[in-house]
Amino acid sequence: MTTPPLAAVIGDPVGHSLSPRLFRHWLEKMSLNGGYVPLRIAPETLSAGLDAMRLLGFRGGNVTLPHKTAILDLATEVTPRARAIGAANTITFLSDGGLHADNTDGVGFLTNLRQASPQWSTNAPALVLGAGGAARAVLWGLIEAGCPRIYLANRTHARAEALAKQFGPTIVPLPWDAIPSHLSDVGTLVNTTSLGMVGQPELQLSLDGIQSQTLVTDIVYTPLMTSLLHDARARGCPVVDGLGMLLHQAVPGFERWFGVRPEVTADTREHILRALV
Ligand code: ATR
C-alpha cells in the first residue's frame with residue numbers, strides 16, 4: 001500500500017498559519033487521501049529540517065517567515081518568479097534529491113484580482129504603497145499582467161528606489177507625499193504595507209481625486225474591509241480584499257503535491273473566514 005501524500009507549512013512561529021485549515025478543507029472537499037501539517041523549524045536548523053522532511057516522505061510545503069529568503073540558498077531549482085521576488089513560498093522535493101523553490105504570491109495576487117473583478121484591466125498605471133516583501137510579489141504580478149507604469153511609494157524612499165532599480169523602468173518611485181497628486185491617474189491602487197491591519201496604525205490616506213473606476217485592493221485581510229477599502233467603496237471604486245490572495249497563492253502547491261487543482265470558491269472563503277472571526 002502506498003502512503004498518502006504529505007505536505008507542510010514551515011515557519012517559526014507557524015501556529016498562526018491558516019494554510020493547514022485551507023489545505024485540509026480542500027483535501028476533505030475532494031475526498032483525497034493526504035495530510036498537511038504545520039512544522040516549526042528554527043532558522044538555524046532549516047537545512048536539517050528539510051532533510052528530515054524529505055526522509056519522512058513529505059512531497060513539499062509552503063514556506064513562511066523567517067525562511068522565505070533563506071530557502072533560496074538551499075534550493076537546487078529556483079523559478080524565475082521566485083528569483084525576481086527574492087523569496088519562495090512553495091517548495092517541492094525532487095526525485096533526484098534536489099529542491100524546487102517557487103513563489104506563488106504574485107500569481108495569487110493576480111488570479112485573485114481577475115476572479116474578484118473580471119473587468120479589471122492594466123491599461124492605466126498602478127500605484128503600489130509599500131516596498132517590503134509583499135510589494136515585491138505585487139510588483140511581479142502587475143508587470144506580468146502588462147501594467148505600463150507602476151508608481152511605487154514607500155515611507156522609506158530609498159527602499160522604493162532600490163526596487164525600481166531591480167524591477168526596471170516600469171517602476172517609478174514616488175515620494176510618500178506625492179501620492180495625492182497621482183491618485184487621479186491610476187487604474188489600480190494596492191496597499192502592501194501593514195498599515196490598517198489589526199494592531200497596526202491606520203493608513204492615513206485621503207482618496208480625494210481618485211476615479212470611480214480605479215480598482216482598490218489591500219493585502220491586509222484582518223480586518224477584511226480595511227479603512228482604505230471602505231473609503232474606496234464609498235467613492236464607487238471596485239474593491240478587492242486581501243483574503244483572496246492568500247487563498248489563490250496556495251493553489252499551485254496543492255496541485256503539485258496532491259495532483260488535483262483546487263478551486264477557490266465562496267465556500268473556501270467562508271471556511272477560512274470562520275477562523276478569522
Ligand atoms: P512585508 O514583507 O509584509 O511587506 P516588511 O518588509 O516589513 O513586510 O514591509 C512593511 C511595509 O510597510 C514597508 O513598506 C514599510 O515601510 P518602510 O519600508 O518605510 O519601513 C511599511 N510600513 C510599516 N509601518 C509603516 C508606517 N507606520 N508608515 C508607513 N509605512 C509603514
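This briefing describes the ligand site, the open and enclosed spaces, and some backbone features of the structure above. The structure is a predicted model, in which local features need pLDDT of at least 70 and side-chain atom pairs count only at pLDDT 80 or more, while totals for chains, interfaces and linings use all residues. Residues are numbered from 1 along each chain as its sequence is written, and side-chain values use heavy atoms, with hydrogens and water left out.

**The ligand and its surroundings**

- The ligand sits in the largest pocket, where sitting in a pocket or cavity requires that more than half of the atoms of a molecule lie within 2 Å of its grid points.
- The residues around the ligand, each with a heavy atom within 4 Å of it, are Gly 130, Ala 131, Gly 132, Gly 133, Ala 134, Asn 154, Arg 155, Thr 156, Arg 159, Thr 193, Ser 194 and Leu 195.
- This shell divides into three nonpolar, seven polar and two charged residues, on a scheme in which Ala, Val, Leu, Ile, Met, Phe, Trp, Tyr, Cys and Pro count as nonpolar, Asp, Glu, Lys and Arg as charged, and the others, Gly among them, as polar.
- A polar contact with the ligand is a pair of N or O atoms within 3.5 Å, and in one of these an N or O atom in the side chain of Asn 154 is 2.6 Å from an oxygen atom of the ligand.
- The backbone takes part as well: a polar backbone atom of Gly 133 is 3.1 Å from an oxygen atom of the ligand, and a backbone N or O atom of Ala 134 also lies 3.1 Å from a ligand oxygen atom.
- On its own the ligand has 640 Å² of accessible area, of which the protein covers 68%, with areas taken from the Shrake-Rupley method with a 1.4 Å probe.

**The largest pocket**

- On a 1 Å grid over the protein atoms alone, a pocket is an open set of points with protein on both sides within 12 Å along at least five of seven lines, and its lining residues have an atom within 4 Å of a point.
- The largest pocket has a volume of about 1500 Å³, a volume being the space filled by probe spheres set on grid points that are joined across faces, edges and corners.
- Of the 44 residues in its lining, those closest to the centre of the pocket are Leu 65, Lys 68, Ala 134, Met 197 and Ile 219.
- By class, this lining has 19 nonpolar, 20 polar and five charged residues.
- Two or more lining residues come from each of β3 (58-63), α6 (133-144) and α10, and α6 gives the most, with four residues; helices (H or I, at least four residues) and strands (E, at least two) are DSSP runs numbered from the N terminus.

**The largest cavity**

- A cavity is a set of grid points where a 1.4 Å probe fits but cannot get out, and the count comes to one cavity of 30 Å³ or more.
- The largest cavity is lined by Leu 18, Ser 19, Leu 22, Leu 246, Leu 247, Gln 249 and Ile 272, with five nonpolar, two polar and no charged residues.
- The largest share of this lining, three residues, comes from α10.

**Backbone features**

- Most residues other than glycine have a negative phi, and most peptide bonds are trans.
- A cis peptide bond joins Asp 12 and Pro 13, with omega about 10°, and Pro 13 is found in the loop between β1 (6-11) and α1.
- Another cis peptide bond joins Thr 222 and Pro 223, with omega about 5°.
- Ser 31, a residue other than glycine, has a positive phi near 50° and is placed in the loop between α1 and β2 (35-40).

Conventions:
A polar contact is a pair of N or O atoms within 3.5 Å; within protein, one must be able to donate a hydrogen and the other to accept it, and residues adjacent in sequence count only if both atoms are side-chain atoms.
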